[in-house]
Amino acid sequence: MMCELCGKDVTFCKKVTIEGVQLAVCSECSKFGIESKKAPEKEMGPIPVVTQRLEIRNLRAKPKDVLEGMGKDELVEDFAERIRNARSSKGMTQKNLAMKINERQTIVSKIETDQMRPDDKVIRKLEKELGIKLREKVVDTQVAKGMSTSALTLADLIRMQKD
Ligand SMILES: [Zn+2]
């Protein structure tokens, strides 16, 4: 059987009305049938809505992802103090500590005086060695203050559009 619209050889043809003419067409061509004649705008209608929704969803997802990304293991603000206190309470010198965590004393000194932020590796070693916590899960509101304003503005815009 041949599709009367595209000419493809198919086993089954649907009878549809296209532009007022009844044709036996393949399943692929049948979508150009009755539906498109009856209400072309209905066919077009849902698409922008879906696109819009997907866009909104994506925009929503982005700031959230950023928040989640930033929400984990944030170095505490008073890390220098915490390290200093923990070290002295254990009776360790900066040199002792530096040796234990395999870093140079100058690194420990800089971290303890807030001149340097320890990287993740050093943070983990300090936490383990001193038995303290230097990272905290930052809650959304705290993170929000530090995150890019553009992402927030975007999220706010979407919220406003929705309401
Ligand atoms: Zn066809």
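**Exercise 1. Work out whether arginine 117 is buried or exposed, and place it in the chain.**

Start with the count: arginine 117 has 12 other C-beta atoms within 10 Å, so it is exposed. The cut-offs here are 20 or more other C-beta atoms within 10 Å for buried, 12 or fewer for exposed, and partly exposed in between, with C-beta atoms placed from the backbone. Before going on, keep in mind that this is a predicted model, where local features need pLDDT of at least 70, side-chain atom pairs count only at pLDDT 80 or more, and totals for chains, interfaces and linings use all residues. Residue numbers run from 1 along each chain as its sequence is written.

Next, the location: arginine 117 sits in the loop between α7 (105-112) and α8 (120-130). Helices (H or I, at least four residues) and strands (E, at least two) are DSSP runs, numbered from the N terminus. Finally, look across to glutamate 77: the two are 40 residues apart in sequence, with 9.9 Å from C-alpha to C-alpha.

**Exercise 2. Find which residues of helix α5 are buried, and what they pack against.**

First, pick them out: in α5 (residues 79-89), the buried ones are Phe79, Ile83 and Arg87. They span an arc of only 60 degrees around the axis, so they share one side of α5. That arc is taken over the directions from the helix axis to the C-beta atoms. The spacing fits a general rule: an α-helix has 3.6 residues a turn, so residues three or four places apart point the same way.

Now turn the helix around: Glu81 and Ser89 are exposed on the other side of α5. As for partners, the buried residues pack against β3 (74-75), α6 (94-100), α7 and α8. Last, step off the end: glycine 91 follows α5 and has a positive phi, near 70 degrees.

**Exercise 3. Describe how β1 and β2 pair.**

Take the overall arrangement first: β1 (residues 14-18) and β2 (residues 21-25) run antiparallel, with 5 bridges. Strands count as paired when DSSP finds at least two bridges between them. Then go through individual partners: lysine 15 is opposite alanine 24 in β2, and isoleucine 18 bridges to valine 21. To finish, check the turn: the hairpin has 2 residues between its strands, and glutamate 19 there has a positive phi of about 50 degrees.

**Exercise 4. Say where asparagine 102 and aspartate 114 lie, and give their phi values.**

A bit of background: most residues other than glycine have a negative phi. Asparagine 102 isn't a glycine, yet its phi is positive, about 65 degrees. You'll find it in the loop between α6 and α7, and it is exposed because it has 11 C-beta neighbours inside 10 Å.

Aspartate 114 also has a positive phi, near 65 degrees, and lies in the loop between α7 and α8. It has 14 C-beta neighbours inside 10 Å, so it counts as partly exposed.

**Exercise 5. Sum up the whole protein chain: how many helices and strands are there?**

Count the elements: there are 10 helices and 4 strands. Then check burial: 12% of the 163 residues are buried.

Key. Contact = placed C-beta atoms within 7 Å.
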